[in-house]
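Trainee: I am new to this structure and would like to go through it by question and answer. May we begin once it is displayed?

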Amino acid sequence: MRIAVISDIHGNATALRQVLKDIESCKADQVICLGDNIGYGPEPEAVVSMLRQMNIASVMGNHELVINNPGFLGWFNTAARLSLEKSIDAISPPNLDFLSRLPDFITAFGCRFVHGFPPDSPTNYMFEIYPAEMEKIMADMAEPVCFIGHTHDLALITYQDRSVNQSPLTGSKTVFLDSTLKYIINAGSVGQPRDGTGEAKYVLFDTEAYSLEVRRIPYDVNDTIKKIHAAGLPRQHALRLSWP
Ligand SMILES: [Fe+2]
């Protein structure tokens, strides 16, 4: 089985359309989304509608947490808060209801899927976890593979012999995993990658070959930038699409 893991779409429907086309051309069997479907980007309603129409399961991101708990807006910086408020205003009641019911994590196909960090946090950042804590979390993980989003970066964390090793997922080659080890895979971002390459990113996981492939998908970044400006969203959300 081939699982496409997408994350952090952030209202970028132009990027999501290209990614979904690529997923179709790769003949993935399943698509799972790691949350943060809204915020920053100009088309949150279109993004959520696409996810629902395609029956794509998603976990709860920190941006979606605001729907059930408006007080959580205080967690964000001014620009993110402004775009999140505009996003929520632009989303239809059925789509808001869908977002409000997202689970904190999904377990499927022998893997765990969570936005921030296992076992179930939509808010904890990978880089905030102390090494000793990370070792304990990975030792306790029931599943050998956990996919996370939230940082908008790509990384592979390997747990072996009670120690943790982290490496970037920068190469273009398929990475073969070891079925005797445990992994956390940071799956990058579809809608707001923070590596300045201007390409949407997602990860394809083959459960039989036990391999990972990072897909880098060019899309019309200028189209999204124009829509961000037209929607009156903060400029930095547009700049970040092409700058680190
Ligand atoms: Fe995000």
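Trainee: Which residues does Tyr-40 touch, not counting residues up to four places away in sequence?
Mentor: In this predicted model, Tyr-40 lies in the loop between strand 2 and helix 2. At 12% relative accessibility, Tyr-40 falls under the 20% limit and therefore counts as buried. Leaving out residues up to four places away in sequence, the residues that Tyr-40 touches are His-10, His-63, Ala-80, Ser-83, His-152, Gln-192, Arg-194, Ile-228, Leu-233 and His-237.

Trainee: What distance separates the C-alpha atoms of Tyr-40 and His-10?
Mentor: His-10 is among the residues that Tyr-40 touches. The two are 30 residues apart along the chain, and the separation of their C-alpha atoms is 5.8 Å.

Trainee: Which side chain is joined to that of Tyr-40 by a polar contact of 3.4 Å?
Mentor: The contacts of Tyr-40 include Gln-192 and Arg-194. The polar contact of 3.4 Å joins the side chain of Tyr-40 to that of Arg-194.

Trainee: Which residues are the protein donors of the iron ion?
Mentor: Along the chain, the donors follow the spacing D-x1-H-x25-D-x115-H. Each aspartate gives an OD atom and each histidine an NE2 atom, at 2.1 to 2.3 Å from the iron ion. The donors are Asp-8, His-10, Asp-36 and His-152.

Trainee: How many residues apart in sequence are the parts that His-10 and Asp-36 tie together?
Mentor: Both donors are buried. His-10 belongs to the loop between strand 1 (2–6) and helix 1 (13–25), whereas Asp-36 belongs to the loop between strand 2 (30–33) and helix 2 (44–53). The pair therefore ties together parts whose separation in sequence is 26 residues.

Trainee: Is the site of the iron ion tetrahedral or irregular?
Mentor: The ideal angle for four tetrahedral donors is 109.5 degrees. Here the angles among the 4 donor atoms run from 84 to 177°. A tetrahedral site needs all angles between 85 and 135 degrees, so the site of the iron ion is classed as irregular.

Trainee: Which residues does Pro-234 touch, not counting residues up to four places away in sequence?
Mentor: Pro-234 sits in the loop between helix 7 (221–230) and helix 8 (235–239). With a relative accessible area of 10%, Pro-234 is buried. Apart from residues up to four places away in sequence, Pro-234 touches Ala-79, Leu-82, Ser-83 and Ile-228.

Trainee: What is the omega of the cis peptide bond that joins Pro-118 and Pro-119?
Mentor: Most peptide bonds are trans. Pro-119 is placed in the loop between strand 5 (111–114) and helix 6 (131–140). For the cis bond between Pro-118 and Pro-119, omega is about 5°.

Trainee: Is Asp-161 buried or exposed?
Mentor: Asp-161 is found in the loop between strand 7 (154–160) and strand 8 (163–168). Although not a glycine, Asp-161 has a positive phi of about 50°. Its relative accessible area is 69%, above the 50% limit, so Asp-161 is exposed.

Trainee: What is the relative accessible area of Phe-109?
Mentor: Phe-109 also has a positive phi, of about 55°, although it is not a glycine. Phe-109 is found in the loop between strand 4 (105–108) and strand 5. Phe-109 is partly exposed, and its relative accessible area is 35%.

Trainee: How many residues of strand 10 are buried?
Mentor: In a regular strand the side chains alternate between the two faces of the sheet. Lys-182, Ile-184 and Asn-186 point one way from strand 10, and Tyr-183, Ile-185 and Ala-187 point the other way. The strand is mostly covered, and the count of buried residues is 6 of 6.

Trainee: In which sense, parallel or antiparallel, do strand 7 and strand 10 pair?
Mentor: Strand 6 (residues 145–148) and strand 10 pair in the parallel sense over 4 bridges. In strand 7, Ile-157 stands opposite Ile-184 of strand 10. Over 6 bridges, the sense in which strand 7 and strand 10 pair is antiparallel.

Trainee: Which residues form one aromatic cluster with Phe-72 and Phe-76?
Mentor: The structure holds 8 aromatic pairs. One of them joins Phe-72 and Phe-76 edge-to-face, at 5.7 Å centre to centre and 90° between the planes. Phe-72 and Phe-76 share one aromatic cluster with Trp-75, Tyr-125 and Phe-127.

Key
Residues are numbered from 1 along each chain as its sequence is written. This is a predicted model: local features need pLDDT of at least 70, side-chain atom pairs count only at pLDDT 80 or more; totals for chains, interfaces and linings use all residues. Side-chain values use heavy atoms; hydrogens and water are left out. Donors are N, O and S atoms within 2.8 Å of the metal (3.2 Å for Na, K and Ca); water is not among the atoms, so sites may look incomplete. Four donors count as tetrahedral if all angles lie between 85 and 135 degrees; four count as square planar and six as octahedral if opposite donors are over 155 degrees apart and all others between 65 and 115; anything else is irregular. Helices (H or I, at least four residues) and strands (E, at least two) are DSSP runs, numbered from the N terminus. Buried means under 20% relative accessible area, exposed over 50%, partly exposed in between (1.4 Å probe, protein chains only). Contact means heavy atoms within 4.5 Å. A polar contact is a pair of N or O atoms within 3.5 Å; within protein, one must be able to donate a hydrogen and the other to accept it, and residues adjacent in sequence count only if both atoms are side-chain atoms. Two strands pair if DSSP finds at least two bridges between them. Rings of Phe, Tyr and Trp (its six-membered ring) pair if their centres lie within 6.5 Å; planes under 30 degrees apart count as stacked, over 60 as edge-to-face and the rest as tilted.
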